[in-house]
Amino acid sequence: MESVAIGRAEDNDLVVKGNFPMEHLQPLLSGKHPSYKAYNIYGSNGANLAVMDDHTLVFGDTKSIRSAIDRKAARPSSLSPIFTRAQELAAANDVWIVAKDASLNSKQAAANPFASEIEGVELAMQVREGFGFDLNLGTKTEAAAAMFAQLVSMQIQSAVAGKANDPALAELTKKFQVGAQGNRFTMRIALTKDEMERSVKAVQSARANAGAQ
């Protein structure tokens with residue numbers, strides 16, 4: 001499984017860190033591509049992409065991408081906090097995302113008022129030993145974090161009630177831990193290898209029964 005970290009470096013650019021085989025990127029690297037300091041910039045209409053190296057992509061408008069190239073050329077002595085955090089998550093997870101100002105898409109924030117309350121996202125998932133999933137949302141206020149925790153808890157309780165006749169699935173749903181600590185909403189689940197296998201079998205059985213009806 002390829003690992004990817006996503007982080008906002010400046011106001012208008014999005015940096016993606018991971019492993020990117022060129023054959024996978026080729027569909028994106030087409031059309032006109034003016035260069036800046038030996039880096040090609042692909043795309044148009046403000047949606048541009050530059051391949052910084054085998055492990056780094058930058059998305060944004062032309063100005064912000066050029067700024068990112070300038071920062072790379074400056075060779076900063078230390079990593080930004082967002083990438084430091086990504087490295088920490090990478091040590092124990094297979095997939096992780098770290099983003100600041102997570103309401104990156106203003107249209108999405110306008111369509112969903114809850115999105116405008118989110119200032120940062122950390123998501124990590126590992127399947128090396130069983131299954132682990134952690135989601136942390138930084139919110140503008142403590143009230144917003146508490147609101148997210150209440151809404152998600154209600155959804156989980158409703159799901160548990162709906163699985164009352166399926167003990168395995170109901171038990172899996174109960175393993176979600178949801179809470180709020182200050183202006184941070186957290187949700188996580190951790191399953192051992194045996195628990196993961198039982199959960200997969202329970203889901204497969206439920207789908208088989210639904211298909212037979």
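This report describes the fold, the cores, the salt bridges and some individual residues of one predicted protein model.

## Overall make-up

The model is predicted, and its chain is built from seven helices and 11 strands. Of the 213 residues in the chain, 33% are buried, and the accessible surface amounts to about 13100 Å², with carbon and sulfur atoms accounting for 53% of that area.

Contacts across the sequence also help to describe the fold. Among the contacts in the chain with a separation of 6 or more, 50% are between residues that stand 24 or more positions apart.

## The nonpolar cores

In soluble globular proteins, nonpolar side chains tend to be buried together. In this model the largest nonpolar core has 14 residues, and those with the most contacts inside it are Phe 133, Leu 135, Leu 137, Phe 185 and Ile 189. Several elements contribute to this core, since strand 8 (118-126), strand 9 (131-139), helix 5 and strand 11 (184-191) each supply at least two of its residues. Another core lies apart from it and has eight residues, including Ala 50, Met 52, Val 58 and Ala 68.

Ile 189 gives a view of the surroundings of one residue in the 14-residue core. When residues up to four places away in sequence are not counted, Ile 189 touches Phe 131, Gly 132 and Phe 133, and it also touches Leu 172, Lys 175 and Phe 176.

## Three salt bridges

The structure holds three salt bridges. In one of them Asp 70 pairs with Lys 37, and the closest N and O atoms are 2.6 Å apart. Because Asp 70 belongs to helix 2 (residues 62-74) while Lys 37 sits in the loop between strand 3 (35-36) and strand 4 (39-44), the pair ties together parts that are 33 residues apart in sequence. Asp 70 has a relative accessibility of 29% and therefore counts as partly exposed.

Another salt bridge joins Asp 134 to Arg 188, again with the closest N and O atoms 2.6 Å apart. This pair links distant parts of the chain, with Asp 134 in strand 9 and Arg 188 in strand 11, 54 residues apart. Asp 134 is partly exposed at 26% relative accessibility, and Arg 188 is partly exposed with a relative accessible area of 30%. The remaining salt bridge is formed by Lys 175 and Glu 195, whose closest N and O atoms are 3.1 Å apart. Here Lys 175 lies in the loop between helix 6 (167-174) and strand 10 (177-181), whereas Glu 195 lies in helix 7 (residues 193-212), 20 residues apart. The two partners fall into separate classes of exposure, as Lys 175 counts as partly exposed at 26% relative accessibility, whereas Glu 195, at 18%, counts as buried.

## The loop between strands 3 and 4

Most residues other than glycine have a negative phi. Lys 37, the salt-bridge partner of Asp 70, has a phi near 55 degrees, which is a positive value in a residue other than glycine. Ala 38 likewise has a positive phi, near 75 degrees, and is not a glycine. Ala 38 is placed in the loop between strand 3 and strand 4, and it counts as exposed, with 77% relative accessibility.

## Two buried residues

Asn 93 is located in the loop between helix 3 (81-90) and strand 7 (95-100), and it counts as buried because its relative accessibility is 10%, below the 20% limit for that class. A polar atom of the Asn 93 side chain lies 2.8 Å from the backbone oxygen of Leu 89. Leaving aside neighbours within four places in sequence, Asn 93 is in contact with Ala 124, Met 125, Gln 126 and Arg 128.

Gly 120, which lies in strand 8, also counts as buried, at 10% relative accessibility. Gly 120 and Arg 184 are 64 residues apart in sequence, while their C-alpha atoms are 9.2 Å apart in space.

## A nonpolar patch on the surface

Phe 114, Leu 151 and Met 154 together make a nonpolar surface patch of about 270 Å². Of these residues, Met 154 lies in helix 5 (residues 142-162) and is partly exposed, with a relative accessible area of 48%. Helix 5 also supplies at least two residues of the largest nonpolar core.

Methods
Residues are numbered from 1 along each chain as its sequence is written. This is a predicted model: local features need pLDDT of at least 70, side-chain atom pairs count only at pLDDT 80 or more; totals for chains, interfaces and linings use all residues. Side-chain values use heavy atoms; hydrogens and water are left out. Helices (H or I, at least four residues) and strands (E, at least two) are DSSP runs, numbered from the N terminus. Buried means under 20% relative accessible area, exposed over 50%, partly exposed in between (1.4 Å probe, protein chains only). A polar contact is a pair of N or O atoms within 3.5 Å; within protein, one must be able to donate a hydrogen and the other to accept it, and residues adjacent in sequence count only if both atoms are side-chain atoms. Contact means heavy atoms within 4.5 Å. Patches are made of residues with over 30% relative accessible area and no salt bridge: like charges are joined within 9 Å, nonpolar side chains (Val, Leu, Ile, Met, Phe, Trp, Tyr) within 5 Å. Accessible areas come from the Shrake-Rupley method with a 1.4 Å probe; for residues, only the protein chains shown count as cover. A salt bridge is a side-chain nitrogen of Lys or Arg within 4 Å of a carboxyl oxygen of Asp or Glu. A nonpolar core is a set of buried Ala, Val, Leu, Ile, Met, Phe, Trp, Tyr and Cys residues joined through side-chain atoms within 4.5 Å.
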